[in-house]
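Here is a short tour for anyone about to work with these coordinates. Have the viewer open and follow along section by section.

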Amino acid sequence: MEWNVIRLDEVDSTNEYAKKLIPDVSEGTVVVAKRQTSGRGRKGRAWASPEGGLWMSVILKPPMIDPRLVFVGALAVSDTLRDFGIGAWIKWPNDVWVGNRKISGVLTEVKGDFVIMGVGLNVNNEIPDGLKETATSMMEALGEPVDIGEVLERLLEYLGRWYKTFLENPPLVVEEVRGRTMLIGKEVRVLLDGNDLVGRVITISDDGSLILDVDGQTVKVVYGDVSVRIN
Ligand code: BT5
């Protein structure tokens with residue numbers, strides 16, 4: 001993949017900025033900002049984006065819109081972290097965690113034939129007060145700051161590779177996520193709108209959904225706005 005990087009000092013959200021470029025833009029355009037004034041997670045939740053973190057969106061035009069695309073982002077982040085000596089695991093469907101703290105989140109959005117894949121990764125940024133118990137950064141994990149340019153370069157390299165794998169063979173991407181999640185076998189609570197599911201994770205199926213055992217019944221949770229808590 002040929003990446004074409006647009007660098008901004010400040011923006012509301014790189015995903016919003018990227019969306020405005022569509023459709024007059026080519027696949028592989030990347031928007032990176034030093035800080036976001038209203039970075040977003042799923043469902044309009046706020047994403048803390050102070051200076052020092054990596055906040056970016058890549059514009060893709062896959063032949064099909066597929067929820068498994070979000071795994072491409074999570075796998076690329078986890079590979080990048082590994083290169084810096086940080087062991088991370090993927091929390092289905094869109095998070096990357098180091099131990100019991102979130103270090104990165106992926107937000108994919110669709111506009112027309114395009115997918116905007118937003119990736120937020122805490123690098124050298126300060127973790128805001130309200131998130132100190134639940135979030136971490138590369139700097140915190142390593143005890144020293146890292147070269148954010150190098151992080152971006154690695155991340156784009158891995159995004160390109162995993163995107164290629166996704167295009168050729170999506171189940172292979174899922175297989176890799178399965179191997180990098182700590183959820184399998186765990187008791188979890190899946191927060192669905194208004195009705196939580198509690199069960200044991202059996203696996204992540206090839207189509208990308210989470211398969212749970214809920215009181216002896218097999219339940220399939222499709223990627224959507226669900227959060228998983230380890231019980
Ligand atoms: C996500 O949402 O994890 C997706 C985050 C995507 C952010 C990127 S940054 C570049 C691009 N532009 C954007 O505007 N967004 C994307 P979700 O699964 O809904 O998780 C949101 C939750 O994560 C919040 O409710 C907080 O609890 C937590 N959180 C917020 N900021 C965080 C941070 N910097 N580090 C770790 N956790 C954070």
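## The chain as a whole

Let's begin with burial: of the 231 residues in the chain, 40% are buried. Please keep in mind that this is a predicted model. The chain holds 5 helices and 12 strands. Its radius of gyration is 17 Å, close to the 17 Å that the globule rule gives for 231 residues, so the chain is as compact as a globular protein of that length.

If you are setting up a box, the C-alpha trace spans about 50 × 40 × 35 Å along its principal axes. Among contacts with a separation of 6 or more, 61% join residues that are 24 or more positions apart.

## Two domains and where they touch

The chain is divided into domain 1, covering 4-179, and domain 2, covering 187-230. Taken over C-alpha atoms, the centres of domain 1 and domain 2 are separated by 23 Å. Where they meet, 13 residues of domain 1 are in contact with 8 residues of domain 2.

Which elements give two or more residues to the side of domain 1 that touches domain 2? They are α2 and α5, and α5 gives the most, with 4 residues. By class, that side of domain 1 has 8 nonpolar and 5 charged residues, with no polar ones.

## Helix α2

Helix α2 deserves a stop of its own, as one of the elements on the domain 1 side of the contact with domain 2. It runs over residues 69-83, which makes 15 residues. From its first C-alpha to its last, α2 reaches 22 Å, close to the 21 Å expected at 1.5 Å a residue. Just after α2, G85 takes a positive phi of about 85°.

Is α2 mostly covered or mostly open? It is mostly covered, with 12 of its 15 residues buried. Among the buried residues of α2 are L69, V70, F71 and V72, and also G73, S78 and T80. The buried residues of α2 pack against four strands and two helices by name: β4 (89-91), β5 (95-98), β6 (101-111), β7 (114-121), α4 (148-168) and α5 (170-179).

## Around the ligand

How many residues surround the ligand? There are 27, and the closest are S13, G41, G105, G118 and G120. Elements supplying at least two residues each to this shell are α1 (14-21), β3 (54-60), β6 and β7. The most comes from β6, with 4 residues.

Sorted by class, the shell around the ligand has 13 polar, 9 nonpolar and 5 charged residues. Two of its contributors, β6 and β7, have already appeared in this tour, since the buried residues of α2 pack against them.

## A closer look at S137

S137 sits in the loop between β7 and α3 (138-142). Why does S137 count as buried? Its C-beta has 23 other C-beta atoms within 10 Å, and a residue is buried at 20 or more.

Leaving aside neighbours within four places in sequence, S137 is in contact with I103, N122, V123, N124, N125 and I127. For a sense of distance, take E157: S137 and E157 are 20 residues apart in sequence and, C-alpha to C-alpha, 21 Å apart in space.

Key:
Residues numbered from 1 in each chain as written. Predicted model: local features only at pLDDT ≥ 70, side-chain atom pairs only at ≥ 80, totals over all residues. Expected span 1.5 Å × (residues − 1). Contact = placed C-beta atoms within 7 Å. Rg over C-alpha atoms; globule rule 2.2 N^0.38 Å. Near = placed C-beta within 6 Å. Nonpolar A, V, L, I, M, F, W, Y, C, P; charged D, E, K, R; others polar. Domains from an automatic or database assignment.
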